[in-house]
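Do you have your viewer ready? Load the model, switch to a cartoon view, and let's walk through it together.

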Amino acid sequence: MDDAIWMKEALREADKGRIMGEVPVGAVVVKGGQIIARACNQPISSCNPVAHAEILVLQSAAAAIGNYRLLDCDLYVTLEPCTMCAGAIVHSRIRRLIYGAAEPKAGAVASAARVLEQSQMNHRVEVTAGVLQAECSEMISDFFRFRRQQIREARRNQLFVDK
């Protein structure tokens, strides 16, 4: 039950990213029943390829508690993390990862790779997938549907200009 509550907060963050023109991925870190950090994707607006919601929220959570090891912290993210983010999750010692939608092309938890299951990793993260999956998937799908529509309209407009 609490997982859905925290995932709704991550969805709010994702919506902030959508409004900024970013791919709508949001994340929150919860410790002791309180959100200690929140973030949305920002690689476009910050011109920073590593400014994924997960990286930003882990940095913010570490600053909030004064320790890069986020023991007893849970990470809620609307989309299955990529390889970079999965590595950061291990290094930060997140206790639990809870994500909404699977990412078939680049998901590094269960879809395209299984980074968290690597035997050489020095930390094990408990994973819960599919929390508010429909809402998380819909937000991503709507965003890319809108983007494709914008591209089609721009091409159509260009055709009229060229004539």
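The tour goes from the whole chain to one strand and its partners.

**The whole chain.** Keep in mind that this model is predicted. Start by colouring by secondary structure: you should find five helices and five strands. Following the sequence, their order is α-β-β-α-α-β-α-β-β-α. The radius of gyration is 17 Å, close to the 15 Å from the globule rule for 163 residues, so the chain is as compact as a globular protein of that length. If you draw a box along the principal axes, the C-alpha atoms fill roughly 60 × 30 × 30 Å.

**Surface and charges.** Next, show the accessible surface, which comes to about 8,900 Å², with 54% of that belonging to carbon and sulfur atoms. Among the 163 residues, 41% count as buried. Now select the charged side chains: the mean positions of the 20 positive and 18 negative charges lie 4 Å apart.

**Strand β3.** Select residues 73-79, which form strand β3. How many of its residues are buried? Seven of the seven are, so β3 is largely enclosed by the rest of the structure.

**The partners of β3.** Add residues 26-31, strand β1, which pairs with β3 in the antiparallel sense over five bridges. To see one of these positions, show Val30 and its bridge partner in β3, Asp74. Then add residues 96-101, strand β4; β3 and β4 pair in the parallel sense, also over five bridges. Here, pick Tyr76 and look opposite to find Ile98 in β4.

**Last stop.** Finally, turn on contacts with a separation of 6 or more: residues 24 or more positions apart account for 57% of them.

Conventions. Residues are numbered from 1 along each chain as its sequence is written. This is a predicted model: local features need pLDDT of at least 70, side-chain atom pairs count only at pLDDT 80 or more; totals for chains, interfaces and linings use all residues. Side-chain values use heavy atoms; hydrogens and water are left out. Helices (H or I, at least four residues) and strands (E, at least two) are DSSP runs, numbered from the N terminus. The radius of gyration is taken over C-alpha atoms; the globule rule is 2.2 Å times the number of residues to the power 0.38. Buried means under 20% relative accessible area, exposed over 50%, partly exposed in between (1.4 Å probe, protein chains only). Contact means heavy atoms within 4.5 Å. Accessible areas come from the Shrake-Rupley method with a 1.4 Å probe; for residues, only the protein chains shown count as cover. Lys and Arg count as positive and Asp and Glu as negative; His and the chain ends are not counted. The place of a charge is taken as NZ of Lys, CZ of Arg, CG of Asp or CD of Glu. Two strands pair if DSSP finds at least two bridges between them.
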